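Got your viewer open? Load the model and follow along, one selection at a time.

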Amino acid sequence: MNSPPGPNAPQQGGADPWAAFGYLVAGVLFYGFVGWLLSIWLHAEFWIPVGILVGAGFGMYLVFAQLRLKAPKAEHRPASSTPTEHRIAHDRTTSDDEAARTTRPDSDDRGETA
């Protein structure tokens, strides 16, 4: 029997939202700090916002790179197979009663819901 995934189960097809938030905040804090150090060393105040923007950019890059790696693979069909042919072949293999039971699990034999 299949049980629903728990709250700590990894999500399919996407990244953990807290990990994405962590990448963004860590990038802004770290490169903002580097910008602050550069502004003290070079006596130029513009390095602080430059560091913050660079950190936000690197954080977003890491989030998108992680999403690209965890993206689900697309279904591969041969070029000769079209969606219409696939649907027609599927319709021939299932009866009306079987299709009704699979699409409406809460219905009885007459198709009425409880």
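Before the first stop, one definition: contact here means heavy atoms within 4.5 Å. Keep in mind, too, that this is a predicted model.

**Stop 1: helix H1.** Select residues 17–42, which make up H1. Its 26 residues reach 37 Å from the first C-alpha to the last, close to the 38 Å expected at 1.5 Å a residue. Now colour Ala-20, Gly-27, Gly-32, Gly-35 and Ser-39: these are the buried residues of H1. Show H2 as well, since what covers those buried residues includes H2.

**Stop 2: the nonpolar patch.** Switch to a surface view and pick Trp-18, Phe-21, Val-25 and Leu-29. Together they make a nonpolar surface patch of about 480 Å². Zoom in on Phe-21, which sits in H1. Is Phe-21 buried, partly exposed or exposed? Its relative accessible area is 49%, so it counts as partly exposed; the exposed class starts over 50%.

**Stop 3: Tyr-31 and its company.** Stay on H1 and click Tyr-31, which is found in that helix. With a relative accessible area of 28%, Tyr-31 is partly exposed. Which residues does Tyr-31 touch, leaving aside its neighbours within four places in sequence? Select Gly-51, Ile-52, Val-54, Gly-55 and Phe-58, and you have the list of contacts. For a distance label, try Tyr-31 to Ile-48: they are 17 residues apart in sequence and 8.4 Å apart in space, C-alpha to C-alpha.

Next, add Phe-30 to the view. Phe-30, Tyr-31 and Phe-58 form one aromatic cluster, and the structure holds five aromatic pairs. If you want to put numbers on such a pair, a pair of aromatic rings is described by the distance of the centres and the angle of the planes.

**Stop 4: the loop.** Move to His-43, in the loop between H1 and H2. At 72% relative accessibility, His-43 counts as exposed. Check its backbone: phi is positive, about 55 degrees, although His-43 is not a glycine. For context, most residues other than glycine have a negative phi.

**Stop 5: helix H2.** Finish by selecting residues 47–70, the 24 residues of H2. At 1.5 Å a residue, H2 should span 34 Å, and its end C-alpha atoms are 35 Å apart, which agrees. Highlight Gly-51, Gly-55, Gly-59, Val-63, Ala-65 and Gln-66, which are buried in H2. What do they pack against? Turn H1 back on: the buried residues of H2 pack against H1. Two of them, Gly-51 and Gly-55, are already familiar as contacts of Tyr-31.

Terms used
Residues numbered from 1 in each chain as written. Predicted model: local features only at pLDDT ≥ 70, side-chain atom pairs only at ≥ 80, totals over all residues. Heavy atoms only, no water. Patch = residues over 30% accessible without salt bridge, like charges linked within 9 Å, V, L, I, M, F, W, Y side chains within 5 Å. Areas by Shrake-Rupley, 256 points an atom, 1.4 Å probe, with all protein chains shown as cover. Salt bridge = Lys/Arg side-chain N within 4 Å of Asp/Glu carboxyl O. Helix = DSSP H or I, 4+ residues; strand = E, 2+ residues; numbered from the N terminus. Buried < 20%, exposed > 50% of the residue type's maximum accessible area, 1.4 Å probe, protein only. Phe/Tyr/Trp six-rings, centres within 6.5 Å; stacked < 30°, edge-to-face > 60°. Expected span 1.5 Å × (residues − 1).
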